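Here is a short tour to read alongside the sequence and the 3D view. Keep both open, and follow the residues as they come up.

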Amino acid sequence: SPWTFTPSTSDSGANLLAAADALQSSLYPVAFPTETVYGLGANAFSSAAVQGIYTAKQRPSDNPLIVHISSLDMLRRILDPLGTNAANGTECIPPIYNHLISTFWPGPLSILLPLPTGSKLAPEVSAGQPTFAARMPINILALALIQLCQLPLAAPSANASTRPSPTTAQHVTHDLGGRIELILDGGPCTVGVESTVVDGLCTPPAILRPGGISIDQIRQIPGWQDVTIAYKDTTTSNAPRAPGMKYKHYSPTAAVVLAEPNTPWSQIWQRIVHDNTCKTVGILRSRTWPDISSIQGGVAPSQCFSGSASATVYNGDGGHHKLQVFSIALGRATQEIARGLFAGLRELDLLGVERIYVEGISERGEQGSDDDDNDDGAAAAAVMNRLRKAASEVV
Ligand code: TXA
Ligand code: MG
């Protein structure tokens, strides 16, 4: 199983160096924290190294990876492999991205860039696309790692393909332990959902995947007022343009039932009570669904994150069935919900529930929120997008 380290230990510097060494010599891919989710990184210039990522994750080979950089000069070296722009003193980063980069980098935004003539990126990175995606993360361990090895790191999320993305080192171990050598443990991710992927090379520019930076935030940037949505959700019928968005994704083992925002708890509880086929149920609640202790016959939760109740439920049909309910409160604020979402799905899976009912949230952020932090709604579209993909049923 992989070795892990926590940055607070005294030898963490040495371990970080060992990780950078492994990446430089393309020995094996390294899992590392970012602000969004944990990534599984490899030298973006080495085919063999990048293939190691696809193998470890069992990822379909037509799904391209995001290239992680620690400086704009590192990005310029990718875009200008022959040094032509450098020699002329011309900028090779397309101007459409200027404001976006200065506003959101480092941070949870990935941009599409043209693959240059003579590109040194491993072809596995772009997986047949004429473009590649790049992002500069803000997590300090991620930046330190990239900076130390002085290599752009191709890195998808460090989960097994189709599983919820990992937001702790333990999640990575759970999925990839035995398949990878090294995980840098930076604690839980602060954003909790992946980066927003945008394409500024088309007109008008497009959002290919909702994520940690909201559509509203992007619309405020000069040149991006008319940005279109090019991912598939309930409001659009376009085919997804980010290849990864067409796969089954973010799914725990349990069947996920997503309740649209404002679905009353009583309606969900009636479903649970009348479903004699399901004896263990998980609940992921956010803003309106009640605490587990108020479930009829329930007991108060023993921990703050997850509580459980075991109840014999009389369903009014003259029958009764014994039911075990585990309920996790994600919180009310969109950012808390985003941060806990994947961990909550994974925790309920570990408890062995057969079905997970999730309380959906409004994609406009928390209605009537008294804090006027206008970032509150930032990840709401991303949360609902991931849940729709994870769900086998929406009610
Ligand atoms: O927050 C994140 O972006 C995380 C962390 C580790 O940085 N990474 C991540 O990578 O989510 P991954 O591989 O799970 O998702 C990358 C997404 C996929 O939907 C992929 O199809 C899309 O970006 N993508 C990458 N390169 C692309 C390209 N050239 N054209 C279109 N879509 C691309
Ligand atoms: Mg992923």
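Ser195 sits in the loop that links strand S8 (182-184) to strand S9 (196-199). This is a predicted model, so please read every value below as computed from it. Ser195 counts as buried because 27 other C-beta atoms lie within 10 Å, and 20 or more are needed. Setting aside neighbours within four places in sequence, its contacts are Thr36, Pro108, Leu109, Ser110, Arg135, Gly211 and Gly212.

Two of those contact partners, Thr36 and Arg135, also turn up in the UniProt record: an unreviewed entry there gives the feature "binding site" at Thr36, His68, Arg135, Ala155 and Ser195. These positions span 160 residues in sequence, but no two of their C-alpha atoms are more than 12.6 Å apart, so they gather at one spot.

His68, another of the annotated positions, belongs to strand S4 (residues 66-68). With residues up to four places away in sequence left out, His68 touches Gly39, Gly41, Arg135, Pro137, Ala142, Ile146, Pro152, Leu153 and Ala155. Among these partners, Arg135 and Ala155 carry the UniProt annotation too.

Next comes Pro210, found in the loop between strand S10 (206-209) and helix H9 (215-219). Its C-alpha atom is 8.7 Å from that of Val198, a residue twelve places away along the chain. Pro210 is in contact with Thr196, Ile215, Tyr231, Ala381, Ala382 and Asn385, again not counting residues up to four places away in sequence.

The table sets out the burial of the three residues visited so far.

| Residue | C-beta neighbours within 10 Å | Status |
|---|---|---|
| His68 | 28 C-beta atoms | buried |
| Ser195 | 27 C-beta atoms | buried |
| Pro210 | 27 C-beta atoms | buried |

Now for a strand further along. Is strand S13 mostly covered or mostly uncovered? S13 (residues 280-285) is mostly covered, with five of its six residues buried. S13 runs parallel to strand S16 (residues 355-359), and four bridges join the two. Val281 has Arg355 of S16 as its bridge partner.

Finally, the chain as a whole. The protein chain holds twelve helices and 17 strands. Of its 395 residues, 45% are buried. Taking contacts between residues at least 6 apart in sequence, 67% join residues at least 24 apart.

Notes: Residues are numbered from 1 along each chain as its sequence is written. Chains are lettered from A and ligands numbered from 1 in the order in which they are written. This is a predicted model: local features need pLDDT of at least 70, side-chain atom pairs count only at pLDDT 80 or more; totals for chains, interfaces and linings use all residues. A residue is buried if 20 or more other C-beta atoms lie within 10 Å of its own, exposed if 12 or fewer, and partly exposed in between; C-beta atoms are placed from the backbone. Two strands pair if DSSP finds at least two bridges between them. UniProt positions are given in the numbering used here, feature names are shortened, and annotations may be inferred rather than shown by experiment. Two residues are in contact if their C-beta atoms, placed from the backbone, lie within 7 Å.
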